Amino acid sequence: MLELAGVRHAYEGRVVLDLERFAVPPGALIAIVGHNGSGKSTLLRLLALVERPSTGEIRWGDAVVSSPRVRPRAAARRRITLVEQRPVLFRGTVRANIGFGLKIRGRRGIEAESIVAAVAERLGITGLLDRRRHELSDGEVQRVAVARALAVAPDVLLLDEPVSSADRAAAQALYGALAEERRARGLAICLASHQLEDAYRWADDIRALAEGRLSPVTPENLFRVELPPGQGEETKHVRVGPIAIAVTTGREGPAILAVPPTDIFVSKEPLVSSARNVFTGQVTRLGRPRPGVVHVAADVGVELIAVITEEAARDLALAPGSPVTFAFKASAVRVF
Amino acid sequence: MDFLGEGLRRAVHLISSADPEVYGIALLTVKVAVVATVIACALGMPLGFVLASRRFWGRRAALTVVNTALAFPTVVVGLLLYALLSRRGPLGGLGWLYTWQAIVIGDVLLAFPIAAALSAAAVQGVDPRIRRTAETLGAGTWRTAWAVAREARFALAAVITAAFGQVVAEVGAAMIVGGNIRGATRTLTTAVALYTAQGDFGLALALGLILLVMALVVNVALQVLQGRGNA
């Protein structure tokens, strides 16, 4: 199992990642979600052993494979492969690129050729094998980079926004190929994404990062705010874009607000209730990550996501564009 | 103006008649230049790689030293080397003063900072994702360096050209530690300086033309290489 323990990572004195523990068990499919700058890419680079943590350590099983004092060895890195958000291809053909890692592992000739051909077929890039990097679109480069990573059959595959340049169909094809690979070989996949829908659809385990820390709640409805000074525990009205969210907290200064989607009441019209937060807006989309569960995304000035049952969605006759009211208590809002 | 035309005619005659002295000097120059360039690049380019790609204590100071050494006056290098190689110097026992090996050492000292500083700049210019990608695909130090070098191949070829250019055009150190001895340590640049001073303008011009052709050949070779390269 690949694991980060007590890692604090800083760039020029600024802490960008602060994780007590982050484990990638064998065969897991983990989605890391969070805003831009939340630390997703840094986390993946540390897990990929291409950067060493400022403090703490990265372990593979019981062995420390990376720490401020331990330089990662190539043998450890060969078990983990990272595909960056904007991957680069080496000079040469797509075929040579996919074969790069195989060559390092001493696999050449017909054996390497057959592996390259099989991976290319799974990712639908057989027609690109003899092209060079300047002849490919961004989406094709991404698929080639994933193929190059899969060709070396890693134990852990790390993907940073793997479908950021892909259209919907290409994204489906890529996720489908990854799921198949996982079924066939049992590799662990850890992907960073800001697309919550994709995360819910493809991952078994969703972890949210905010300001370099793991969020204690689900990844929806996270807002970076500045809490006004106060006198102990009290209800504060905190501006989030054009709306003000009431929150009961004793904290002040920079913080993350989290509104748990299951704590939001959804109605067609405003209800008279004890909820201090009542916002009206329009449904922007409906998602069904699991049978019987509906994610309702609404624009109430900012985008909020509520989780309701299929039955409730049917009774409310919700559809994209329909008016909706979201309500939640000030005490339901988490601050960290 | 007449002496210019006369000088040019003599130069063409000396080159076309394969004058043994002219070609002897040219061959020695090529030998010294190639050996010095190979040694300077073999030492300087790995140092440039390390300076550009590793973070370690003193790295910035090392880069400053290398960059400063780029502007080191050739006669000062010649003077210091003379002090080392002269009979009373610490390396006097080698007996290399006034030999072509002494010129090679002087040229290496001058071309080494060029190879190191320009290689560091070339490697720093490569997208850092190339190194990370190679590493994450399991490449060790050498394979990663090779992947980076392939990306920086044009800039690195220019490094070799610049080092060769420094070596082939150098005159100060070669004059001091080589002694400009006919048939032994007389290179194109030292010979041009000598024959111009002696008033043998035709011979100086012939040697100068050969020097220009050598520089041209190296640069054309680089351009051909760049023309062949594609992504």
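Strand E7 (residues 156-160) of chain A pairs with E8(A) in the parallel sense over 5 bridges. The model is predicted; local features need pLDDT of at least 70, side-chain atom pairs count only at pLDDT 80 or more, and totals for chains, interfaces and linings use all residues. Residues are numbered from 1 along each chain as its sequence is written, and chains are lettered from A in the order in which they are written.

Helices (H or I, at least four residues) and strands (E, at least two) are DSSP runs numbered from the N terminus, and strands pair if DSSP finds at least two bridges between them. Strand E3 (residues 29-33) of chain A is also joined to E8(A), by 5 bridges, and runs parallel to it. One bridge partner from each strand is listed here.

| Strand | Residue | Partner in E8(A) |
|---|---|---|
| E7(A) | A:Asp160 | A:Ala192 |
| E3(A) | A:Val33 | A:Ser193 |

E7(A), helix H6 (residues 168-185) of chain A and E8(A) form a right-handed β-α-β unit; right-handed means that, with the strands pointing away from the viewer, the path from the first strand over the helix to the second runs clockwise.

Strand E8 (residues 188-193) of chain A has 6 of its 6 residues buried, so it is largely enclosed by the rest of the structure. A residue is buried if 20 or more other C-beta atoms, placed from the backbone, lie within 10 Å of its own. A:Ala188, A:Cys190 and A:Ala192 cover one side of E8(A), and A:Ile189, A:Leu191 and A:Ser193 the other.

The largest nonpolar core (buried Ala, Val, Leu, Ile, Met, Phe, Trp, Tyr and Cys residues joined through C-beta atoms within 7 Å) has 151 residues, of which A:Leu47, B:Ala115 and B:Leu207 touch the most other members. Helix H5 (residues 100-124) of chain B gives the largest share of this core, 17 residues. Beyond its neighbours within four places in sequence, B:Leu207 is in contact (C-beta atoms, placed from the backbone, within 7 Å) with B:Val22, B:Ile25, B:Leu188, B:Ala191 and B:Val192.

Chain A divides into domain 1 (2-214) and domain 2 (222-335), with bounds from an automatic or database domain assignment. The C-alpha centres of these two domains of chain A lie 34 Å apart. Their contact takes 6 residues from domain 1 of chain A and 4 residues from domain 2 of chain A.

Between the chains, 17 residues of chain B are in contact with 21 residues of chain A. On the chain B side, H6(B) gives the most, with 6 residues.

Definitions and conventions: Two residues are in contact if their C-beta atoms, placed from the backbone, lie within 7 Å. A residue is buried if 20 or more other C-beta atoms lie within 10 Å of its own, exposed if 12 or fewer, and partly exposed in between; C-beta atoms are placed from the backbone.
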